[in-house]
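Please open the structure in your viewer and keep the selection tool at hand. The stops below are meant to be followed in order, each beginning with something to select.

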Amino acid sequence: MSGDPAAAPEAPTAHGGLAGRFRRGLWLSLLNTLLSRVGTFVMGIVLARLLVPEEFGLYATALVVQGLLLAFNDFGAAAAVVRRSGDVRPMLPTAWTISVVGGGIAFAVCALSAPALSTALGSPHATEIVRFLAINVLLDGFACVPGAMLSRELAQARRLVADLTGTVVNLAVTAVLAFLGWGAWALAIGHVSGTAVVVVLLFILSKHWPRLGFSAEHFKEVGGYGVSVVASSLLLMLAQSVPQMVTGSVLGATALGFFYLASNVSNWPVSIISGTVERVALAVFARARDNGSDLDRASGGVMGLVGVAVLPGGVALALLAGPLVEVVYGHQWIPAALVLSGLAIAAIGRVFADMALNLLLAVGAPLSSALIQLSWLVALVPTTVAAAHLWGLAGIGWAQAVVALFVAVPVHLWGLRRAGIGIVSLVRGIVPSLLSAVVVAVGLVLIRVFSTSPLLSVSLGGAFTAAVIAYGWFRFRHTLDSALLPTG
């Protein structure tokens, strides 16, 4: 809407302005993610005592399908809106059309193919839940443009209001229905209800309402850029979904329930950071490019700041997997700890892969990112299948870790180098994080050796890890100012 104040281009900021906006956006995004995760965590503890692993497995099957559809339903329109230089308003009607039509197509595909997809994932009884949860894909088509505009403007305060309200609705509906005995349907209905609320609030808070239109020029721009973005996102989502697919098809729905819980836990520290940064990373890299900042230095600064939390947090979760599952979820969920350690290490690699993807999109190299994700997927599928047959649930977790560390990370570094990003700057930015991770690993090993109970291990280990992360953040936070300054 060209007359909306929210749609007007932002005035240039002073030196250091982008760093300040990034930090403000990062903190608000972090608060958003933390509040959502705390609510989900508390609800997960309650539901683990109300639902059986098989019910979690049915819901997990539906989430895999939804994730695959969300990878391509907007056909790259959101990323194109966030990344575009100059005035984005003329592109918006075409972006609306692409995202809404894409969401409708993805919904229809899911409705027709749900039986085959559910059976292929080892949970044929999840068919109707898969179809119902696909409503989220349709809704996401309407959320694409307003959400992208808030990200482009780094308007994370408004995004916080929408997401937090949706989370509250989701958890409230899920809790009520679970107590009433709705099983896996409680999770699905709660999820869709929360998404619907978020979409309406995004319309209101962004002041961008659905306005369909078409321009061949803008369609070509979004389409040419979007094909590679969609391919890359879809391949990344497939790589993240492979372990769930293999678990369900090889080990069954109950094992998938254990895997789903372990996957959720492994995402605690990593998804908090990844979810936080994902809302601002592409916008910051793109604005740094537009402002004439040194992208080598900017990427090293942002990656280093993210690594300060991701590396120590992932290492801590891997080392505390056993006592953590026992303390938080109870003895019946102990098998989930077998897979949790490997998933926690793999999640570290996934965060840096997501960051690399945003950086490649910002510099206009989406095709390179797609080829990188393809190589990751090609390595992951046979490794995961072989590990499942040889070592069961634990093997699936450690297969993700091996491929993430020894395939995904090196290949992403190679892709960034091909796109003109200096690897030395990235490595230099991550060195403090690596040192923090080593400190955490040594400290937690000592705590586990001398601890007398799982609760004591979790309490002391968590406090020690939090202290190391806080110290690293305090020491590193000001380096972002110089990293995001315009050159010259």
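## An aromatic cluster

Select Trp96, Phe203 and Trp209, which together form one aromatic cluster. Keep in mind throughout the tour that the model is predicted. The structure holds five aromatic pairs. One of them joins tryptophan 96 to phenylalanine 203 in a tilted arrangement, with 6.0 Å from centre to centre and 50 degrees between the planes. This pair links distant parts of the chain, since tryptophan 96 belongs to helix α4 (residues 92-120) and phenylalanine 203 to helix α8 (residues 184-206), 107 residues apart. Both tryptophan 96 and phenylalanine 203 are buried.

Next, select phenylalanine 132 and tryptophan 185, an aromatic pair that is edge-to-face, with centres 5.6 Å apart and 65 degrees between the planes. Here too the pair links distant parts of the chain: phenylalanine 132 sits in helix α5 (residues 127-133) and tryptophan 185 in helix α8, with their positions 53 residues apart. Are these two rings buried or partly exposed? Phenylalanine 132 counts as partly exposed because its relative accessibility is 25%, and tryptophan 185 counts as partly exposed because its relative accessibility is 30%.

## The whole chain

Now show the complete model as a cartoon, where 17 helices and zero strands can be found. Of the 488 residues of the protein, 57% count as buried. Among the contacts with a separation of 6 or more, 85% are made by residues 24 or more positions apart. Switching to a surface display brings up about 19,000 Å² of exposed area, 71% of which is supplied by carbon and sulfur atoms.

## A kinked helix

Select residues 135-152, which make up helix α6; its 18 residues reach 26 Å from the first C-alpha to the last, close to the 26 Å expected at 1.5 Å a residue. Where along α6 should one look for a kink? A kink of about 45 degrees lies at alanine 143, shortly before proline 146. The helix is mostly covered, as 14 of the 18 residues of α6 are buried. Moving past the end of α6 brings you to leucine 154, whose phi is positive, near 55 degrees.

## The nonpolar cores

For the next stop, select Val265 and Trp376, the residues that touch the most other members of the largest nonpolar core, which has 67 residues. The elements giving two or more residues to this core are α9 (216-251), α10 (253-290), α11 (295-319), α12 (321-329), α13 (335-362), α14 (366-418), α15 (423-450) and α16 (454-476). The largest share, 17 residues, comes from α13.

Centre the view on tryptophan 376 and display its surroundings: leaving aside neighbours within four places in sequence, tryptophan 376 is in contact with Leu236, Ala239, Arg350, Ala353, Val403, Val407, Ala408 and His412. Apart from this core lies another one, of 27 residues, and selecting Ala77, Ala78, Leu150 and Ala162 will show some of its members.

## A last stop in the first helix

Finally, select valine 42, which lies in helix α1 (residues 17-48). Valine 42 counts as partly exposed because its relative accessible area is 45%, a value between the 20% under which a residue is buried and the 50% over which a residue is exposed. Adding valine 328 to the selection shows two residues that are 286 residues apart in sequence and 9.8 Å apart in space, C-alpha to C-alpha.

Conventions
Residues are numbered from 1 along each chain as its sequence is written. This is a predicted model: local features need pLDDT of at least 70, side-chain atom pairs count only at pLDDT 80 or more; totals for chains, interfaces and linings use all residues. Side-chain values use heavy atoms; hydrogens and water are left out. Helices (H or I, at least four residues) and strands (E, at least two) are DSSP runs, numbered from the N terminus. Buried means under 20% relative accessible area, exposed over 50%, partly exposed in between (1.4 Å probe, protein chains only). Contact means heavy atoms within 4.5 Å. Accessible areas come from the Shrake-Rupley method with a 1.4 Å probe; for residues, only the protein chains shown count as cover. The expected span of a helix is 1.5 Å times one less than its number of residues. The bend at a residue is the angle between axes fitted to the seven residues ending there and the seven starting there. Rings of Phe, Tyr and Trp (its six-membered ring) pair if their centres lie within 6.5 Å; planes under 30 degrees apart count as stacked, over 60 as edge-to-face and the rest as tilted. A nonpolar core is a set of buried Ala, Val, Leu, Ile, Met, Phe, Trp, Tyr and Cys residues joined through side-chain atoms within 4.5 Å.
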